[in-house]
Each structure stands twice: as structure tokens, then as C-alpha cells.
Amino acid sequence: MSSEKDIDFVLRTVEKRDIRFVRLWFTDVLGNLKSFAISPEELEESFEEGIGFDGSSIDGFVSMEESDMLAFPDPDTFTMLPWRPSESAVARVFCDVYTPDRKPFEGDPRACLLKVFTEADKKGFIPNVGPKLEYFYSDSQTELQPKDDAGYFDLTPMDNANDLRRQTTLMLEKMSIPVQYSYHAAGPSQNGVELRYTEAVSCADNIMTARLVIKQLAAQQGMYASFMPKPVAGQPGSAMFLYQSIFDHEGENLFWAPKDFHPAHLSELAQHYVAGILKYAPEFTLVTNPTVNSYKRFISNGEVPNYATWGRKNRSALVRIPAHKPGKHSSTRIELRSPDPTANPYLALAVTIAAGMKGIEDELPLPEESTCDTFLLSEEELAAKGIERLPRTLGEAIEKFQASSFMREVLGDHIFEYLIAEKKREWNDYCTAVTDWERVHYYGGY
């Protein structure tokens, strides 16, 4: 819980900086950012009693008969919106959603992640995550119109998004979100930004903020930023790589081990964690890759995972272990390569961290490392090695998810049932699309 000191700091800042509007942010189940503004006079009371709103109008929340919800601002997330004027300024704060009887709302994605984080914290574990987001710039919102023909890490006059990436980085840093680096990605007009790691709930907040800032600055330049995983056939897709590690309360990285213990510097705890992710990946893929278009990205090109495997140099593995920096144990981490930027980051982090923690709890053994040669094997040979293929379509992902008692346990009945119903509707709409034009226009990736 936030202290009175945190709340007092926010209230003093509002008065000192002439803030006239405070925007309360939260997400629906699918990860769409929701917001409404309150006056500074309402802010102090909102910390104590919450601000009421109509939950029946939010997708995946509640029915009309039980519509009253309360938004409680988290003062630790308070920050100015730097693209708004400094006079009569605007700030934002993320909220936790509660029911009228002051209980956490089971349909609130942030509460879902907070529950997973709290359970890990009670065991002495602090899950940390650093995200890397890829996206495309375009002149049109209805179809991708590349603005350059640059490639990976190119710095040429063709890269006309260079200034926009710089402005995005500066804007995020003004909001206290450190950027590790930004870059031109592999596809035409495709870009990427990697944010510094932080604890899991703050990481999800940062992802939501970054997605808005990227779109906001693009719109100011008359462009559109798309996070669609596979907007154009024959071009690279966009991922949301998640770099995960577990620290203890003293700040020590529990994933690190000497090389003579494990060639990838993975501790026993880290090995169990990776094993948990590999075991439950087919079940959580609906959450990390939630759209029809998500599965158009899963093609065998050596860069995108198709199987629940791990490796070091193998970038087609689901979990890659980046090279260890000598003498810097805090950098030991795993890279989860399957998620894409359409995922709700709160739910994506909740299910993947819970899977890793389940691996630790059950002391799951780490399977054999997969090299690039692994994928020269046939389906039968892979199955004989115990290597499971990830879902190939949204329909397959729904089946794996629906059969998972573990996903129901992690997400709760409310979110679990809503995701099944909503994704079945989306998959049915796609399967019954009358023309190829409909499939391309609405689902992309052809």
C-alpha cells in the first residue's frame, strides 16, 4: 500500500505545478487503455475513497446490473503528461479497480498481475522485466504505407523516423521511463524501443505508457504507429520481447550461477523457472499472442519461435539466454521471444511469471538445449524429444487455453471466461469472412 508520504508528495506537486486535470488510467481485459479526468480538488478524496465510474461500459468488466466500480489511484505512478501545455497542466496516474465493497475487482488486469507479484514477493522473489517493443510507422491507419526502406540498425537518410524515435525517447524519459535504446528494426518503417528493466507491475505500466507515447507523437507528425504483429506479408513481424529475471529482497539476481555450474550461467532456480515457461507456453499463448494476426507472425524464418524450446544462440527458441556480461551478475536474464505488442502487458506478465514460478515450485527439470539443428528434425522426431509445438492459429490457442486449469487459476474465472468468449467470437468472424479482401483488411498479414 502507498504511504501518506507518497500521497502528500502528489498533492503538493499538483498545487505547485498548476495541474488542472488528473487523468486516471486503467485497462480493459484486452489491454485497451481507458481514462477519465478529475479535478485536483477530487484527487485527495480519490486516494481514500476512490472515484466511482460505470464498469458496464468497459469491455470485459461487469453487467449493467452490477455496474458501479471504484478507481483508486496509485500515487507511485503519478507523472506529468509532457506533451500537454505547462499552463493548466495535465498529469496521469494508474489506478487499481475495486468493487463498491472495497475488494479488488477480479476483472482488473493490473490487479491480476499485482496478485502474482505479491505471491512471489511473499516467497522472497522480486520478478523484474525489461520489455522491447517493435512497431511500424505509416501514413495511413487502414493499410501500411512504409515511409522508408531502411533495415536493421540502419542510419541513413532513408530512415526518416530517426527524429521521431529521438522525440519518443525524450518524452518517455520526461515521464521517468528510462530507455535502454531505440533503433530502426528489420522491416521498412519498422522501429523498436527497449525500456530498462523494473519490477513487473511498473514494467506493465511502462509498456502501456510507451504504446500511447509512440502513437501520440506519430499522430502529431501526421503519421500512424501500428503495433499489429504482422501487417505485411514478406516483411518481418513485430514482437514484444520480455527479458525476465528474479531478484531477492537484497537486490541479488537469483538467476545467476557460475559457468562451471551451468554453461548459460543459469542457477538451479532459473532452470526451474525456464522449465515452467516451456511447460505452460502452449497454454498461455492466447494471452501473449491474442489476435488472429498474431499467428501470421509465426513463420519458420529462424527468428520467430514455433516450439517450446530454449537456447543461447538460437533465436528461433521460445526462451533465449542472452550472453552473460562478465562481472555483471545482475544482467543474467531470460528473453521470452513469443509475445507480441497487441498483448495486454498486465496479463502477459501475469501468466508468464506465474508459469516460471510454478516451475520453481514444482522443481521442473530444464529440458535439453535446442540448437538451430533441432529444427531440421521432423515433427515426429521433435515430439519424441518432448518438444511441443506452439499453437499455429488463434483457434488452436483458444483450445489449449480453455483446457488449462492453471490459466484459470492465474487469471481468475472472470478474465478467463471473458477471454474465451471474446476470442472465440474473433476467430469465428475470421473463419466466416466472405472474401479475401475482408480477411486482409480486418486481419492483415497477407
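**Salt bridges, strand pairing and surface patches**

Arg408 and Asp413 are joined by a salt bridge in which the closest N and O atoms are 3.0 Å apart. The model in which this contact occurs is a predicted one. Both partners have some access to the surface: Arg408 is partly exposed, with a relative accessible area of 30%, and Asp413 is likewise partly exposed, with a relative accessible area of 44%. Elsewhere, salt bridges that share partners link Asp74, Asp96, Arg110 and Asp205 into one network. In total, the structure holds 14 salt bridges. Side chains of opposite charge can pair when their charged atoms come close.

Within the network, a salt bridge connects Arg110 with Asp96, and the closest N and O atoms of this pair are 2.8 Å apart. Because Arg110 belongs to helix α3 (residues 109-122) and Asp96 to strand β6, the contact ties together parts that are 14 residues apart in sequence. Arg110 has a relative accessibility of 4% and therefore counts as buried; Asp96, at 14%, also counts as buried, the cut-off for this class being under 20% relative accessible area.

A further salt bridge is formed between the side chains of Glu335 and Arg320, with an N to O distance of 2.6 Å. Glu335 is located in strand β15 (residues 334-336) and Arg320 in strand β14 (residues 319-320), so that this pair ties together parts that are 15 residues apart in sequence. Glu335 counts as buried at 1% relative accessibility, and Arg320 counts as buried at 11%.

Strand β15, which holds Glu335, is also joined to strand β12 by three bridges, the two strands running antiparallel. In this pairing, Leu242 has Leu336 of β15 as its bridge partner. Strand β12 is further joined to strand β7 (residues 126-138) by eight bridges, again in an antiparallel arrangement, and here Leu133 stands opposite Met240 of β12. Eight of the eight residues of strand β12 (residues 240-247) are buried, and the strand is therefore largely enclosed by the rest of the structure. The side chains of β12 are divided between two directions, with Met240, Leu242, Gln244 and Ile246 pointing one way and Phe241, Tyr243, Ser245 and Phe247 pointing the other way, and all of these residues are buried.

Strand β4 (residues 68-73) has five of its six residues buried, so this strand too is largely enclosed by the rest of the structure. Four bridges connect β4 to strand β3 (residues 51-54), with the two strands running antiparallel, and in β4 it is Asp68 that stands opposite Asp54. Strand β4 is also joined by four bridges to strand β6 (residues 89-98), and this pair of strands runs antiparallel as well. Leu70 has Tyr98 as its bridge partner in β6. Strand β6 thus takes part both in the pairing with β4 and, through Asp96, in the salt bridge to helix α3.

Strand β8 (residues 179-184), which includes Gln180, contains residues with partial access to the surface. Gln180 is partly exposed, with a relative accessible area of 43%, and the neighbouring entry in the strand, Tyr181, counts as partly exposed at 33% relative accessibility. The C-alpha atom of Gln180 is separated by 9.9 Å from that of Pro131, although the two residues are 49 residues apart along the chain. Tyr181 contributes, together with Tyr152 and Phe153, to a nonpolar patch on the surface, and the accessible area of these three residues together is about 330 Å².

A surface patch of another kind, negative in charge, is formed by Glu4, Asp8, Glu42, Glu44, Glu45, Glu48 and Glu49. The elements that give two or more residues to this negative patch are helices α1 (4-16) and α2 (40-49). Glu4 lies in α1, whereas the largest share of the negative patch, amounting to five residues, is supplied by α2.

Definitions and conventions. Residues numbered from 1 in each chain as written. Predicted model: local features only at pLDDT ≥ 70, side-chain atom pairs only at ≥ 80, totals over all residues. Heavy atoms only, no water. Patch = residues over 30% accessible without salt bridge, like charges linked within 9 Å, V, L, I, M, F, W, Y side chains within 5 Å. Areas by Shrake-Rupley, 256 points an atom, 1.4 Å probe, with all protein chains shown as cover. Salt bridge = Lys/Arg side-chain N within 4 Å of Asp/Glu carboxyl O. Lys, Arg positive; Asp, Glu negative; His and termini not counted. Charge placed at Lys NZ, Arg CZ, Asp CG, Glu CD. Buried < 20%, exposed > 50% of the residue type's maximum accessible area, 1.4 Å probe, protein only. Pairing = 2+ DSSP bridges.
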